[in-house]
Amino acid sequence: MILKKKKNLVFLSFFIILLPLFFLHFQIGFSYGVAESVAEKNVLILESYHRGHPWTDAQENAIFDELEKSDLNIVTFIEEMDWKRYPDKQNLSQLHERFQYKYMNMPIDLIMTTDDAALQFALDHRVELFSNAPIVFSGVLKKDADRILEGKINVTGTYEQMNSEGTVQFAKKVFPDLKYVYLLHDLSDSGVSTGELMKNGVCDASDDLVVRDLSNLSLNDILKLVPNFSMDSIILVASYNFDADNHYLAIDQSVKKLSEKSSVPVFTLDEAAFGTGALGGDLNSGLLHGKTAAELGLRILVGESANQIPISEKKPACWSFDYDQMKRFHVELDELPNDAVVIHKSVSYYEQNKTIILSNIAVLIALILFIIYLLTSIRYRKKIEVMLKEQKDKIYHLAYYSPVTDLPNRVFLRETLETYIAADPKHEKKFALVYIDIDNFKEINDTFGHSVGDQVLLYFAERLKKAHNLQNNNSLDSLDVFSLGGDEFIMLFYDTDKQKMDVISKDMVCTITEPFVLEDNIFYMEVSGGIVFYPDHGTTYSELLKNSDTAMYRSKEAGKGIFTYFNQSMSDDAFKKNAMQSNLRLSIERGDFVVYYQPQMDAKTWSISGFEALIRWNSPEFGFVQPLSFMKIAEESRLIIPIGEWVLETACSFMKRIHREFSSKYIISVNISVIQLLQEDFVDMVMDTLKKTGISPQSLELEITETVFLNSSKMAVDTLERLKQTGVKVALDDFGTGYSSLSYLSQLPISTLKIDKAFISSLFDSNKNMVLTNSIIRMGHELGLELVIEGVETDEQKELFTLMGCDRIQGYLVGKPAPDFEVFASLNEMKGKKRL
Ligand code: C2E
Ligand code: MG
Ligand code: MG
């Protein structure tokens, strides 16, 4: 298997090596084939003049270059007749002899002649000398060519054209004052012929020009004349190879001398005369001439007949100008023909390196654009980064700060404490956490609206920070003050103990409770606080917060405006409270409540006038619970609403039964919590109950406490007013325990004043109290109120209050609160006694 693989590999390598060799061989073979198949073409280039003559050289070079470019296998023979210098028969016969010798056995495929003499010679001798080859001529003026070619075949070529007319027209255009045109040519056959053409051209160009021919003068004489030519003249030079004295001179040198001496511009029609001092002209180009002729020759070499190729009339000339001379004679660039070639024009650095400069500029622009793009995108990126950071900060702020007070919030507090506690696994550090709640903040919100409430909170937060910073030696560490939401705040004090906290809390209360003015209102704010110590009162965030909350509630319960330290018993109480709350809920469903009824006596008739309904909780968990032990919890949890409704209905039903069985003179007094009273449908609920149980509003008395007016006076007053209008009596309970303001009694919609039992104990302490009680009763009467005294336990008390004019008396002396069946029993008993 491996062997087979190896064999394949060797074969492949062999193939790879041989393949290029095969192609190489094929290529070589092919080239040989071509070389063998393309026969040599012998081309004779016959020059009228000599090498070194610029016009001859230009034609020859162009012919040679053009033939070289072709794929044909061309062999060129170049022969010069030197006819300018030797225009005689002897020259011709020697040439004939030489050519006979050279080309006797050399077949010529094509003869290319330059200028007149060569064309004439080729035509005369091609049969015997040059295999009678076809001729392509160049450098012969049309009129001369027509003469020479008369009756000749197998010949074609390109005419030499002299645009003297166009050149003079141009001169006239740029020198409008032009009047004299001085011609210069040599006196050879072609020179004379050129001279005639120039003359005709000048005449054709403009009628008002005067032609003066300088050709019969020697160059030296001419050079003496030209400095004095008037400014309305030009010199036109063409085909000038020797002067009248037969001094041979290259045309460019002659023109150079002329231009140097002349005060007027020198124009020329000869490419060879350009570049050394001539201003310019439509120059006959030897190169264009040669090129056109060679193109015709190649057509013949590939098989076309010379007879079928017409003589080319293509203009073998090119407008050319010398910038130095243009400046000298004030000719502007925009005056030149469109396709003109300008020489000696100093090319600026820019023009010389235009491509490099332009590409550099393009690169630079691209680079600048790229840099701008980069800078823009960097700026854009930075902007986005800033925006993202701002957004992040915003989100962070929203998550960690209170929108109202701008203090760190509950989340911040929890993370702060959890981090702190996590760094203290052995609980060796200590700090105090103070839970602060503004007292009666709800009143501010209700009275002034939430927007003022928010401002107050913000103001208060500043106060707290200030108070905290004062305690921390102005360290301005406000991050130790937190906003829990609403009117609740937390402050942390590190490394502190109870003694320090005593001082701190006292100072703080002073700072916090200073009155302040906001929107023309003076605010007196009190706070209740609860203080816990880490680690004694908790080692977790939740424990510390719960316990400080409990301690704070103790402050509230104790009358507000104080700070309370937490202790474990509070926690137990709080636990019990919690348990009670959940059991209350259960008990509503189970019907664990009972209503007891305590009789009230009419002080005048000493007969029972009615009963006060007092709730009892027969709890399977907590036993027989008195209302004072659970009423607060029921209110806090708002369970008082369903409980109160149940009490009202039960009491009214009880009263209905009493009315039915005994007398409808009895009234039933039912205690109402402020929470119930603030229910929008409270009046409707009372009316529904009366309707349902069938007793009249006059048989019902609702007992409320002063706190109703303290917390939410306006709404409570309205509700009571509506109730009173229905005929329901309203009693102000426990008068004398709270604020006991007599002044506002007149404004309240009440019908009865119940003096609290606390009054009774103090009554006998001093004569002063006796006088006070007396005047309360008198004043109550003056306000049209019924006076009820509760907690009467002795006959002495009964006598005294009866004497003072109390209308109703309630107390153990009359009867203790008892269940309904007992009330029925005693009423029945009383009824029986009466009958007896
Ligand atoms: P209150 O309305 O002032 O009721 C009178 C309280 O004084 C009753 O206590 C009653 O048992 C007690 N009492 C009456 N005569 C005497 C006396 O001669 N000596 C002494 N030492 N006490 C006497 P109770 O039943 O424990 O009720 C306490 C409070 O609970 C009530 O005070 C009332 O404010 C509230 N309460 C009772 N039942 C209800 C209820 O159904 N709804 C509401 N909202 N509160 C209720
Ligand atoms: Mg009462
Ligand atoms: Mg009372």
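The exercises below work through two metal sites, one helix and one surface patch of a predicted model.

**Exercise 1.** Find which protein atoms are donors of the magnesium ion (ligand 2), and where they sit along the chain.

Step 1. The donors are Glu612 (OE), Asn671 (OD1), Glu703 (OE) and Asp733 (OD), at 2.0 to 2.3 Å from the ion.
Step 2. Read along the chain, these donors give the spacing E-x58-N-x31-E-x29-D.
Step 3. Glutamate 612 belongs to strand E21 (residues 607-619) and aspartate 733 to strand E25 (residues 729-735), so this pair ties together parts lying 121 residues apart in sequence.
Step 4. Buried means under 20% relative accessible area. Glutamate 612, at 3%, is therefore buried, and aspartate 733, at 6%, is buried too.

**Exercise 2.** Determine which residues coordinate the magnesium ion (ligand 3), and which residue it shares with the magnesium ion (ligand 2).

Step 1. Coordination of the magnesium ion (ligand 3) comes from Asp733 (OD), Asp734 (OD) and two entries for Glu790 (OE), at 2.0 to 2.7 Å.
Step 2. The spacing of its donor residues in sequence is D-D-x55-E.
Step 3. Aspartate 733 coordinates both ions, which are 3.9 Å apart.
Step 4. Partly exposed covers the range between under 20% and over 50%. Aspartate 734 has 25% relative accessibility, so aspartate 734 counts as partly exposed.

**Exercise 3.** Check the span of helix H18 (residues 541-557) against the expected value.

Step 1. The helix has 17 residues, and at 1.5 Å a residue the expected span is 24 Å. The rule multiplies 1.5 Å by one less than the number of residues.
Step 2. The end C-alpha atoms of H18 are 24 Å apart, which agrees with the expected span.
Step 3. Buried residues of H18 include Tyr541, Leu544, Leu545, Asn547 and Ser548. Thr550, Ala551, Met552, Ser555 and Lys556 are also among them.
Step 4. Just after H18 comes glycine 559, with a positive phi of about 110 degrees.

**Exercise 4.** State which residues make the nonpolar surface patch, and which helix gives the most to it.

Step 1. The patch is made by Tyr350, Leu358, Ile361, Leu364, Ile365, Ile368, Leu369 and Ile372, and has an area of about 740 Å².
Step 2. Helix H13 (residues 354-400) gives the most, with seven residues.
Step 3. Tyrosine 350 is located in helix H12 (residues 349-352).
Step 4. With a relative accessible area of 38%, tyrosine 350 is partly exposed. Patch residues need over 30% relative accessible area, a cut-off that tyrosine 350 passes at 38%.

Methods. Residues are numbered from 1 along each chain as its sequence is written. Chains are lettered from A and ligands numbered from 1 in the order in which they are written. This is a predicted model: local features need pLDDT of at least 70, side-chain atom pairs count only at pLDDT 80 or more; totals for chains, interfaces and linings use all residues. Side-chain values use heavy atoms; hydrogens and water are left out. Donors are N, O and S atoms within 2.8 Å of the metal (3.2 Å for Na, K and Ca); water is not among the atoms, so sites may look incomplete. Helices (H or I, at least four residues) and strands (E, at least two) are DSSP runs, numbered from the N terminus. Buried means under 20% relative accessible area, exposed over 50%, partly exposed in between (1.4 Å probe, protein chains only). Patches are made of residues with over 30% relative accessible area and no salt bridge: like charges are joined within 9 Å, nonpolar side chains (Val, Leu, Ile, Met, Phe, Trp, Tyr) within 5 Å. Accessible areas come from the Shrake-Rupley method with a 1.4 Å probe; for residues, only the protein chains shown count as cover. A salt bridge is a side-chain nitrogen of Lys or Arg within 4 Å of a carboxyl oxygen of Asp or Glu.
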